Amino acid sequence: MALTLYVDTARWRAHHKHVQEQFPGLVPVCKGNGYGFGHERLAEEATRLGSDVLAVGTTYEAARIKDWFGGDLLVLTPYRRGEEPVPLPDRVIRSVSSIDGVYGLVGARVVIEVMSSMKRHGISEQDLAQLHAAIENVRLEGFAIHLPLDRTDGSDAVEEVIGWMDRLRAARLPLHTMFVSHLKAEELARLQQQFPQTRFRARIGTRLWLGDHDATEYRGAVLDVTRVAKGDRFGYRQQKAASDGFLVVVAGGTSHGVGLEAPKALHGVMPRAKGVARAGLATVNRNLSPFVWGGKQRWFAEPPHMQVSILFVPTDAPEPKVGDELVAHLRHTTTQFDRIMDR
């Protein structure tokens, strides 16, 4: 009995091909937990796509993935002097976001990140004058810009990239390759048309692996079902059942990522109101689970355990049976499955 990730493989791969056609020179991203699929599986899918470069988050991920992917590996986390050395093959390309970082990677293959409106990391316009000397002792693979997802000020992503292209060109720096993130296909095409001598390569993770929501589905298997009456005590904390129903033990607990939720940026009155309502219910131990049964998301009977969750299903819903599977609305990037099943 397991928490299973089911994949409609043909549909999933058709989506990959569609994204690849929209973004010529696509660089797939495989970082974190492999977007819920695992590093090994995504390395296999990147190979199937014919990708020559696979982007990873850290040097530690590169060390693990190098045996599963035969092309170049681009580490997205910028190099910092003093970081723990990790043995890596020459086909690993390091991102750099400072002049000092470039000088610290003599002989290495590097991609230099420029500071975008994200203001996360990157070299500044003032750094450009020093770059000529710095890049003499590295193998420059190109520049990169990481753009924000939302532009609440109405600014244009393409214009932001053009601004940096003009600065780099004015500084007489090589512009053979520019790695970009969070651009639309038509925006990438505009840039390629305006700068035909530069190869633009989109680094894409979420849109590639998770863009077709209906191609994947998590399901947790029912392990036990116990009928309870109103007032019966149950669980670790011996709470009382609020009404007659069933306690349903389902595969999927905190070790799988069930019950974990990344903070969200809320926009508008309604999402904020819903957030307040959820917080209010949580103060009286009412927490909605990600598991669906009888067409509804069901409440946790108590906080999820390490490998299972206990749900409360009222008597007006169908009685679950051991071996049934409940659809689970889980975030791929925070979920660890027991098994993956292609279908």
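A cavity is a set of grid points where a 1.4 Å probe fits but cannot get out, and its lining residues have an atom within 4 Å of a point. Keep that in mind for the last stops of this tour. The model on your screen is predicted.

**Stop 1: the whole chain**

Start with everything shown. The protein chain has nine helices and 18 strands. Its C-alpha atoms fill a box of roughly 75 × 45 × 40 Å, taken along the principal axes. Of the 343 residues in the chain, 47% are buried.

**Stop 2: an annotated span**

Select residues 8-153. An unreviewed UniProt entry annotates this span as "domain: Alanine racemase N-terminal". The span is 29% helix and 20% strand. Click the C-alpha atoms at its two ends: they lie 39 Å apart.

**Stop 3: strand β6**

Now select residues 109-114, which form strand β6. Are the residues of β6 mostly covered or uncovered? Mostly covered: six of its six residues are buried. Colour the two faces separately. One side carries Arg109, Val111 and Glu113, and these are buried. The other side carries Val110, Ile112 and Val114, and these are buried too.

**Stop 4: the neighbours of β6**

Add residues 92-96, strand β5. Strands β5 and β6 pair in the parallel sense, over three bridges. For one of the partnerships, pick Arg94: its bridge partner in β6 is Val110.

Keep Val110 selected and add residues 139-146, strand β7. Strands β6 and β7 also pair in the parallel sense, here over six bridges. In β7, the partner of Val110 is Leu140. How does the chain cross from β6 to β7? Show residues 128-134: the path runs through this helix, α5, and the β-α-β crossover is right-handed.

**Stop 5: the cavity**

How many cavities of 30 Å³ or more does the structure hold? There is one. The largest cavity has a volume of about 50 Å³.

Select its lining in one go: Glu113, Val114, Ser116, Met118, Arg120, His121 and His146. You have met some of these residues already. Glu113 and Val114 sit on opposite sides of β6, and both line the cavity. His146 also belongs to the lining, and residue 146 falls within β7.

**Stop 6: colour by class**

Finish by colouring the lining by residue class. Two residues are nonpolar, three are polar and two are charged. Val114 and Met118 are the nonpolar pair. Glu113 and Arg120 are the charged pair. Ser116, His121 and His146 count as polar.

Notes. Residues numbered from 1 in each chain as written. Predicted model: local features only at pLDDT ≥ 70, side-chain atom pairs only at ≥ 80, totals over all residues. Heavy atoms only, no water. Buried < 20%, exposed > 50% of the residue type's maximum accessible area, 1.4 Å probe, protein only. Helix = DSSP H or I, 4+ residues; strand = E, 2+ residues; numbered from the N terminus. Pairing = 2+ DSSP bridges. Right-handed = clockwise from strand over helix to strand, strands pointing away. UniProt positions renumbered as here; feature names shortened; annotations may be inferred. 1 Å grid on protein atoms, 1.4 Å probe; cavity = no way out; pocket = protein on both sides within 12 Å on 5 of 7 lines; lining within 4 Å. Points joined across faces, edges and corners; volume = space filled by probe spheres on them.
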